[in-house]
Amino acid sequence: MLKDITLGQYFPGDTPVHRLDPRTKLILVVVYIAALFTAQGLAAYLAVFAFLAAAFAVSRIRPATALRGLKPLIVILCLTGILNLLYTPGQVLAEFWIFTITREGIISAVYMVARIVMLVTGTFLLTYTTSPLSLTDGLERLLGPLKRLHLPIHELAMMMSIALRFIPTLIEETDKIISAQKARGADFETGSLLRRAKALIPVLVPLFVSALRRADELATAMECRCYQGGKGRTRMKQLHYARRDAVALALGLGLLAAVIALRVLR
């Protein structure tokens, strides 16, 4: 299951989505999330889904890649659906013991699970089509006005980018440690929940040691390259808005306007 976590991975490409300015993609993600949480009713959810499906089609990223990354969230999705199913008041369809299933509960459960799935897959698309360096530059440029408040914008953007970059690395390291422990006779799949939690201790200790070692090596490499933060820093690739960015932003804002209109007209 660890190999199914795809957050933080970057898939190089030359599609219109890949060529978008990282600032445009960050703004689009915010607009997409706003539209998703504003959506009410089947038509609004279908509009958001159509926008997401079109984005995946244009980026040439297989939807199965994003759906595979949802496997670690199956428990959360099931729990969310069950809670909405059993504890949403409305027209009663079935009752057993202290639980009641209502028509509104079924609708709420379906919409909530769909919202989480589209939220996660839409966020995945950002990291799939944007390199960590471009993501850092775009985030720093967007938050640039906050530098007047003496906030360490460059350092914050760099930390977020490094964290995303190291997610796949740490997942791969965890998988290697688990395989090594299994080869030595460790059992992570049987026994009570407490026993399985204790069995993870031999995994967590070397994982933390490896993470700290990698962080120290990264800090040493940055010091050797005379890294001193964003002060006086130049960029080999400058960010420039193009016509495709304007078109993408117009489509995103059009989606948000359509979802708001559908909500008002319900």
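## A buried pair: R23 and D21

Let's start with R23. In this predicted model, R23 has a relative accessibility of 7%. Buried means under 20%, so R23 counts as buried. Its partner is D21: the two side chains meet in a salt bridge, with 2.9 Å from N to O.

And what about D21, buried or exposed? D21 is buried too, at a relative accessible area of just 3%. So here both ends of the salt bridge, D21 and R23, are tucked under the 20% cut-off.

## A pair further out: D14 and R19

Now look at D14, which forms a salt bridge with R19. The closest N and O atoms of this pair are 3.2 Å apart.

D14 has a relative accessible area of 59%, so D14 is exposed. R19 comes out at 36% relative accessibility, which makes R19 partly exposed.

## A pair that links two helices: R214 and E173

Which residue does R214 pair with in a salt bridge? The partner is E173, and their closest N and O atoms sit 3.1 Å apart. R214 belongs to helix α10 (residues 201-224), while E173 belongs to helix α8 (residues 153-183), so this salt bridge ties together parts that are 41 residues apart in sequence.

The two ends get different labels: R214 is partly exposed, at 27% relative accessibility, whereas E173, at 15%, counts as buried.

## The tally

How many salt bridges does the count come to? The count is three: D21 with R23, D14 with R19, and R214 with E173.

Conventions:
Residues are numbered from 1 along each chain as its sequence is written. This is a predicted model: local features need pLDDT of at least 70, side-chain atom pairs count only at pLDDT 80 or more; totals for chains, interfaces and linings use all residues. Side-chain values use heavy atoms; hydrogens and water are left out. A salt bridge is a side-chain nitrogen of Lys or Arg within 4 Å of a carboxyl oxygen of Asp or Glu. Buried means under 20% relative accessible area, exposed over 50%, partly exposed in between (1.4 Å probe, protein chains only). Helices (H or I, at least four residues) and strands (E, at least two) are DSSP runs, numbered from the N terminus.
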